[in-house]
Amino acid sequence: MKIIDASEFLRNQKNYFDRSKEERIFVRQDAEYFELVPRGEEEPRHPSPSLDPFWDHACNVIELERRIATLADRQMEKCAVLEPDEDVESFINKLCTD
């Protein structure tokens with residue numbers, strides 16, 4: 001683990017980006033610390049403002065985009081909807097029937 005100040009990071013950015021693949025690098029600016037975290041070659045596509053880690057996996061984002069496209073095309077797949085006056089047991093039974 002290495003902690004450096006912001007001016008040191010700015011002087012040697014390439015060095016610290018490369019080193020962050022092998023060890024944890026923290027940059028201190030004023031009273032805050034920022035960690036350099038390599039994320040690979042895939043461009044991040046994180047739709048969650050809360051940065052929920054579920055969306056870190058590309059397959060989850062792809063599935064969401066597929067479902068949005070399906071709804072936009074009005075090609076809805078078979079689905080079940082819990083109606084306001086329906087109890088949970090009948091809803092589950094509805095899921096289990098063809």
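A residue counts as exposed when its relative accessible area is over 50%, as buried when that area is under 20%, and as partly exposed in between. The exercises below apply these terms to a predicted model.

**Exercise 1.** Decide whether Lys14 is buried, partly exposed or exposed, and find the residue with which Lys14 forms a salt bridge.

*Solution.* Begin with the accessibility: Lys14 has a relative accessible area of 59%, and because the cut-off for exposed is over 50%, Lys14 is exposed. Next, look for the partner, which is Asp18, with the closest N and O atoms 2.8 Å apart. Then consider where the two residues lie: they are 4 residues apart in helix H2 (residues 13-19), so Asp18 and Lys14 are separated by about one helical turn. Finally, classify the partner in the same manner: Asp18, at 35% relative accessibility, counts as partly exposed.

**Exercise 2.** Explain how Glu8 and Arg11 are placed in helix H1, and describe the salt bridge between them.

*Solution.* Start with the helix, which covers residues 6-11; because Glu8 and Arg11 are 3 residues apart in it, about one helical turn separates them. Their closest N and O atoms are 3.0 Å apart, and a salt bridge needs a distance within 4 Å, so the pair qualifies. As a last step, take the accessibility of Arg11, which at 58% counts as exposed. In general, side chains of opposite charge can pair when their charged atoms come close.

**Exercise 3.** Classify both partners of the salt bridge between Glu23 and Arg19, and state how many salt bridges the model has by this rule.

*Solution.* The side chains of Glu23 and Arg19 meet at 2.9 Å, N to O. Glu23 has a relative accessible area of 26% and is therefore partly exposed, while Arg19, at 28%, also counts as partly exposed. The full count by this rule comes to 5 salt bridges.

**Exercise 4.** Identify the residues of the largest nonpolar core, and contrast them with the nonpolar patch on the surface.

*Solution.* First list the core, which has 6 residues in all: Ile4, Phe9, Tyr16, Ile25, Val27 and Leu36. Then follow one member, Tyr16, whose contacts beyond four places in sequence include Ile4, Phe9, Ile25 and Leu36, and also Lys2 and Glu8. Now turn to the surface, where Met1, Ile3 and Tyr33 form a nonpolar patch with about 360 Å² of accessible area together. Within this patch, Met1 lies in the segment before strand S1 (2-5), and at 69% relative accessibility Met1 counts as exposed.

Terms used. Residues are numbered from 1 along each chain as its sequence is written. This is a predicted model: local features need pLDDT of at least 70, side-chain atom pairs count only at pLDDT 80 or more; totals for chains, interfaces and linings use all residues. Side-chain values use heavy atoms; hydrogens and water are left out. Patches are made of residues with over 30% relative accessible area and no salt bridge: like charges are joined within 9 Å, nonpolar side chains (Val, Leu, Ile, Met, Phe, Trp, Tyr) within 5 Å. Accessible areas come from the Shrake-Rupley method with a 1.4 Å probe; for residues, only the protein chains shown count as cover. Buried means under 20% relative accessible area, exposed over 50%, partly exposed in between (1.4 Å probe, protein chains only). A nonpolar core is a set of buried Ala, Val, Leu, Ile, Met, Phe, Trp, Tyr and Cys residues joined through side-chain atoms within 4.5 Å. Contact means heavy atoms within 4.5 Å.
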